[in-house]
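This report describes a single protein chain, with attention to its helices, its packing and a few individual residues.

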Amino acid sequence: MGTDRSMLQASEAYQLIVAVVIAPLIIRSLRSIDLPGTRPIVVGISAMAAAFIFTVIEGFYAPELFNTLEHAMYAVSGVAFLWSAIDGAVYWFSRGGERG
């Protein structure tokens, strides 16, 4: 009853385009911004791009390994984005930002 994963699905193709075209452009733009929290965003976007690539690879080679790597990269990106949010909040409040 398993599904045939040897074909690239449309959503995976879009994710692959994001991973190899759009993610590097976003990362290059973020490197020019001088605010706290941009480094973790770069890590998060890089991890998500890797997860998108692993999603495609798992359809063709070592599905268990690349599925595990895909989900590990999603976890890394989540932690990185949380880290960025905390850095941004600390920066905001240290500069006198409103507290809710």
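The text below takes up confidence, one helix, the core, the aromatic rings and some single residues.

**Confidence**

The model is predicted. Over the chain the mean pLDDT is 84, and 90% of the residues reach at least 70. Among the elements of the chain, helix H3 (residues 63-94) has the highest mean pLDDT, 93, and H1 the lowest, 83.

**Helix H1**

H1 runs over residues 10-31 and holds 22 residues. Its span from the first C-alpha to the last is 31 Å, close to the 32 Å expected at 1.5 Å a residue. The helix bends by about 40° at isoleucine 22, and proline 24 follows within four residues.

Which residues of H1 are buried? They are Glu12, Ala19, Ala23, Ile27 and Leu30. An α-helix has 3.6 residues a turn, so residues three or four places apart point the same way. The buried residues of H1 pack against helix H2 (38-58).

**The nonpolar core**

The largest nonpolar core has eight residues: Ala19, Ala23, Ile27, Leu30, Val42, Ile45, Ala49 and Phe52. H1 and H2 are the elements that give two or more residues to this core. In soluble globular proteins, nonpolar side chains tend to be buried together. Leaving aside residues up to four places away in sequence, alanine 19 touches Pro24, Ala49, Phe52 and Ile53. Of these contacts, Ala49 and Phe52 are also listed among the core residues.

**Aromatic pairs**

The count of aromatic pairs comes to three. A pair of aromatic rings is described by the distance of the centres and the angle of the planes. Two of the pairs are given here.

| Pair | Centre distance | Plane angle | Class |
|---|---|---|---|
| Phenylalanine 54 and phenylalanine 66 | 5.6 Å | 50° | tilted |
| Tyrosine 61 and phenylalanine 66 | 6.2 Å | 55° | tilted |

Phenylalanine 54 lies in helix H2 and phenylalanine 66 in helix H3, so their pair ties together parts that are twelve residues apart in sequence. Both phenylalanine 54 and phenylalanine 66 are buried. The relative accessibility of phenylalanine 66 is 12%, and the residue counts as buried because this value is under 20%. Tyrosine 61 is exposed, with a relative accessible area of 57%. Phe54, Tyr61 and Phe66 form one aromatic cluster.

**Single residues**

Alanine 62 is placed in the loop between H2 and H3. Its phi is positive, about 45°, although alanine 62 is not a glycine. Is this residue buried, partly exposed or exposed? At 26% relative accessibility, alanine 62 counts as partly exposed.

Two residues of helix H3 can be set side by side. Serine 84 is found in H3 and is buried, with a relative accessible area of 10%. Not counting residues up to four places away in sequence, serine 84 touches Gly37, Pro40 and Ile41. Glycine 88 also has its place in helix H3; with a relative accessible area of 28%, glycine 88 is partly exposed. What is the C-alpha to C-alpha distance between glycine 88 and glycine 37? The two lie 5.7 Å apart in space, while 51 residues separate them in sequence. Glycine 37 thus appears twice here, as a contact of serine 84 and as the partner of glycine 88 in this C-alpha distance.

Terms used
Residues numbered from 1 in each chain as written. Predicted model: local features only at pLDDT ≥ 70, side-chain atom pairs only at ≥ 80, totals over all residues. Heavy atoms only, no water. Expected span 1.5 Å × (residues − 1). Bend = angle between axes of the 7 residues up to and from the residue. Buried < 20%, exposed > 50% of the residue type's maximum accessible area, 1.4 Å probe, protein only. Contact = heavy atoms within 4.5 Å. pLDDT = per-residue confidence, 0-100. Core = buried A, V, L, I, M, F, W, Y, C linked by side-chain atoms within 4.5 Å. Phe/Tyr/Trp six-rings, centres within 6.5 Å; stacked < 30°, edge-to-face > 60°.
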